[in-house]
Amino acid sequence: MPADGDLAEAASVLRTGGLVAFPTETVYGLGANALDARAAARIFEAKARPSFDPLITHLAEVADLEPLVGSVPPAVAALAARFWPGPLTLIVDRPEVVPPIVTSGLATMAVRVPDNEYARRLIAAAGVPVAAPSANRFGQLSPTRAEHVVRGLGAAVDVVLDGGPTRCGIESTIVDARGERPVVLRLGALPVEELEKVTGPVTIRPGSSGQPVAPGTLAAHYAPRTPLRLSGAAGVLDGTATEQVGTGRGYLAFRDRPAGDWAAVEVLSPSGDLTEAAARLFEALHRLDAAGVGEIVAEPVPETGVGRAVNDRLRRAAATWAPTP
């Protein structure tokens, strides 16, 4: 369905336990009624997502937070007031009305207000908070277009709203600001530098190979079906090694096309713009994944601003394909 049309049908599907994929400013989300345990279970089934990986709950307005969860710590409220709607997910205490399956049994809940008109209209029309991880099979590339959702999940989704390509192209930043010093649990579309203008210094917690404390924080994640390795010796993000061009290999470049006759090449930003690179990351990887190459070689971007999140996704994708020691 076109996302700019009448959303009454999609909202009804959400209210009655169905799954609706919808655009946000980050990536497409796979939504279900966050107050309905059976509906949330359908998300895990459709994505083949392990039950220990929690979901993000989406709200239509900033004002919807306290009626759902009660009072929140001042730092959480300050971040919500400054960055919502926007690509920031905040950790709060889970209210009893939200079933434990949504938070994978954790006492905390990840929540945000998306900066996308269609997403907020849909949630408002549904009249319920919407649990929504990225609308893709677990561990694979996040979708930035409706066709990515259809190709990846097919009939497992009841309705797909087509709102065109997403603006940010990379997932939200996740922050736990309940303690004395905020902790970034997942790097994302909101740069750490912007956060620190409000919070002061933050702690950045690396991804985990065990029980996640927030959505999308597993060390191996966001991977194409095609094996991916990072440019540089032994797959290290140093960007110094000269790659040997081989038959049937693809290359993901930051701003300059690599030398040699690669089977497929994607350039994230010819102008060297990190925001553009982030917006194009998953779409470029989707194209390389569909190009029929045997391996994708990806080079890092500058480790600053949203570039940190781009490199984070590349590291996790490469970790998925790393040989077992």
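**Close-up 1. R280 and E276, paired within helix 8 of the predicted model.** Because R280 and E276 lie four residues apart in helix 8 (residues 274–290), about one helical turn separates them. Their side chains meet in a salt bridge, with an N to O distance of 4.0 Å. R280 is partly exposed, with a relative accessible area of 29%, and E276 also counts as partly exposed, at 30% relative accessibility.

**Close-up 2. The network of R145, E266, E283 and R287.** These four residues, R145, E266, E283 and R287, are joined into one network by salt bridges that share partners.

**Close-up 3. R308 and E193, a salt bridge between helix 9 and helix 7.** The closest N and O atoms of R308 and E193 are 4.0 Å apart in this salt bridge. The pair links distant parts of the chain, since R308 belongs to helix 9 (residues 307–321) and E193 to helix 7 (residues 192–199), 115 residues apart. With a relative accessibility of 22%, R308 counts as partly exposed, and E193 is partly exposed as well, its relative accessible area being 28%.

**Close-up 4. R178 and D93, a salt bridge between a loop and strand 4.** R178 forms a salt bridge with D93, in which the closest N and O atoms are 3.2 Å apart. Here too distant parts of the chain are linked, with R178 in the loop between strand 8 (173–176) and strand 9 (183–186) and D93 in strand 4 (residues 88–93), 85 residues apart. R178 is partly exposed at a relative accessible area of 35%, while D93, at 48% relative accessibility, likewise counts as partly exposed. The count of salt bridges in the predicted model comes to 19.

Notes. Residues numbered from 1 in each chain as written. Predicted model: local features only at pLDDT ≥ 70, side-chain atom pairs only at ≥ 80, totals over all residues. Heavy atoms only, no water. Helix = DSSP H or I, 4+ residues; strand = E, 2+ residues; numbered from the N terminus. Buried < 20%, exposed > 50% of the residue type's maximum accessible area, 1.4 Å probe, protein only.
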